[in-house]
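Good morning, colleagues. Please look at the model on the screen while I go through a few of its details.

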Number of protein chains: 2
Amino acid sequence: MKLPTSTEWVLHCAASLAQLQSGDTASAAQLAAYYDLPAPYLAKQLQALTKAGVLAASTGPRGGFRLARPAAEITLLQIVEAVDGPARPYECREIRQQGRGALPREDCQDTCVLARKMADAHDAWRRSLAGVSLADILDEIPADAPARTRRILMG
Amino acid sequence: MKLPTSTEWVLHCAASLAQLQSGDTASAAQLAAYYDLPAPYLAKQLQALTKAGVLAASTGPRGGFRLARPAAEITLLQIVEAVDGPARPYECREIRQQGRGALPREDCQDTCVLARKMADAHDAWRRSLAGVSLADILDEIPADAPARTRRILMG
DNA sequence: GCAGATCTACTCGGATAGGTGGTGTCCGAGTGCCTTGGG
DNA sequence: CCCAAGGCACTCGGACACCACCTATCCGAGTAGATCTGC
């Protein structure tokens, strides 16, 4: 079970975008330079965030990415699932219905216990991430960090 | 973020082994036939469980796998991490220390906020799985299931 | 009948190929800004 | 001086190779049991 490396990239990029002033944007190239990342691949991931409705993109000069909604309304879960997909890590393929020990269909009306427990764990993970917004992240960084970020990122 | 397909296999196999009577064993071939799985690859995964101390293996005729400890002392987390490895899905590579916006080392004494939140979510997932033992699973299946499992699996 | 050695068949254990999804890269379509010419 | 049209440079968006990990498989080492022989 491994999250894509780009997960860290988009989390930090989203946090940086949350530090911009309303109306400002940052291009994929600027963000890539800010964190020393491969620009084209980072752009691909930011596209995914745009499709998911987390970021908004504008083309042309002075264009780039910005948050699609207030930082308080964007959770870490939305960012992570935008790049990793909404698929559950544990996929029940109903092997209990195969082989010599196959159970009759009537005994498989409800989802199997193991799948339920795995789903419970995944829900706990999702709830934990859904409980943290970008605004919460900004609350935990030094007060003078946003100004520095803006200066270096867009300068 | 995807768990190996074999996760479902070993979870069901462990649950089946938990239904055996003390002293009995089931071979990889028997378990594979019971669920219609590729026997050699399943054996490889059961080896991983043995290395992790979840199962105990005995060779020779009448040999096979059995639980290494009472079912109440084996959690789903131990089984899952035995096949998937103990690595955390989110790996912080400290990109905040790279690129134009690199933070000075003195500001990176403590782990970055995002890595901490991702670790919190992973801990919630692990706690959820650690709270379910094989004994809990057996409590939720019909009372006559173990006898059927033994008959078909070892017969 | 019994004990010992042998022999066999069955088990696990590790080393070896192939397929799918993430990683990294490229070029094309579209748009806002700037320049430039005219009124 | 003001305005409008054109050109341009910059942006995102999608399509194309490469590599690592999971999937799948094979054969060899070791052992418990059964067999056979001799006493």
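Which helices and strands of chain A and chain B each supply at least two residues of the surface near DNA strand C? In this predicted model, chain A contributes through α1 and α3 (39–51), and chain B through α3 (39–51), β1 (55–58) and β2 (64–67). Of these elements, α3(B) gives the largest share of that surface, namely three residues.

Let me stay with the DNA. DNA strand C is surrounded by 22 residues, and the closest are A:Thr5, A:Tyr41, A:Thr59, B:Gln47 and B:Phe65. Of the atoms of DNA strand C that come within 4 Å of the protein, 60% belong to sugar and phosphate. As to composition, the surface near DNA strand C holds nine nonpolar, 11 polar and two charged residues.

Three polar contacts illustrate how the protein meets the phosphate, the base and the sugar or linking oxygens. For the phosphate, the side chain of A:Tyr41 places an N or O atom 3.1 Å from a phosphate oxygen of DNA strand C. For the base, a polar atom in the side chain of B:Gln47 is 3.1 Å from a base nitrogen of DNA strand C. For the third, a polar backbone atom of B:Gly60 lies 3.2 Å from a sugar or linking oxygen of DNA strand C.

I turn now to chain A and its hairpin. Strands β1 (residues 55–58) and β2 (residues 64–67) of chain A pair in the antiparallel sense, over four bridges. Within this pairing, A:Ala57 stands opposite A:Phe65 of β2(A). Five residues lie between the two strands of the hairpin, where A:Gly60 adopts a positive phi near 80 degrees.

My last residue is A:Thr25, located in the loop between α1 (6–17) and α2 (28–35) of chain A. Is A:Thr25 buried or exposed? A:Thr25 counts as buried because its relative accessibility is 11%, and the cut-off for buried is under 20%.

What does the side chain of A:Thr25 reach at 3.2 Å? Its partner at that distance is the backbone oxygen of A:Arg62. In addition, a polar atom of the A:Thr25 side chain lies 3.3 Å from the backbone oxygen of A:Gly63. Leaving aside neighbours within four places in sequence, the residues in contact with A:Thr25 include A:Leu20, A:Gln30, A:Ser58, A:Phe65 and A:Met154. A:Phe65, as I said, is the residue that A:Ala57 stands opposite.

Thank you for your attention.

Methods. Residues are numbered from 1 along each chain as its sequence is written. Chains are lettered from A and ligands numbered from 1 in the order in which they are written. This is a predicted model: local features need pLDDT of at least 70, side-chain atom pairs count only at pLDDT 80 or more; totals for chains, interfaces and linings use all residues. Side-chain values use heavy atoms; hydrogens and water are left out. Buried means under 20% relative accessible area, exposed over 50%, partly exposed in between (1.4 Å probe, protein chains only). A polar contact is a pair of N or O atoms within 3.5 Å; within protein, one must be able to donate a hydrogen and the other to accept it, and residues adjacent in sequence count only if both atoms are side-chain atoms. Contact means heavy atoms within 4.5 Å. A residue is near a molecule or strand if one of its heavy atoms lies within 4 Å of it. Ala, Val, Leu, Ile, Met, Phe, Trp, Tyr, Cys and Pro count as nonpolar, Asp, Glu, Lys and Arg as charged, and the others, Gly among them, as polar. Two strands pair if DSSP finds at least two bridges between them.
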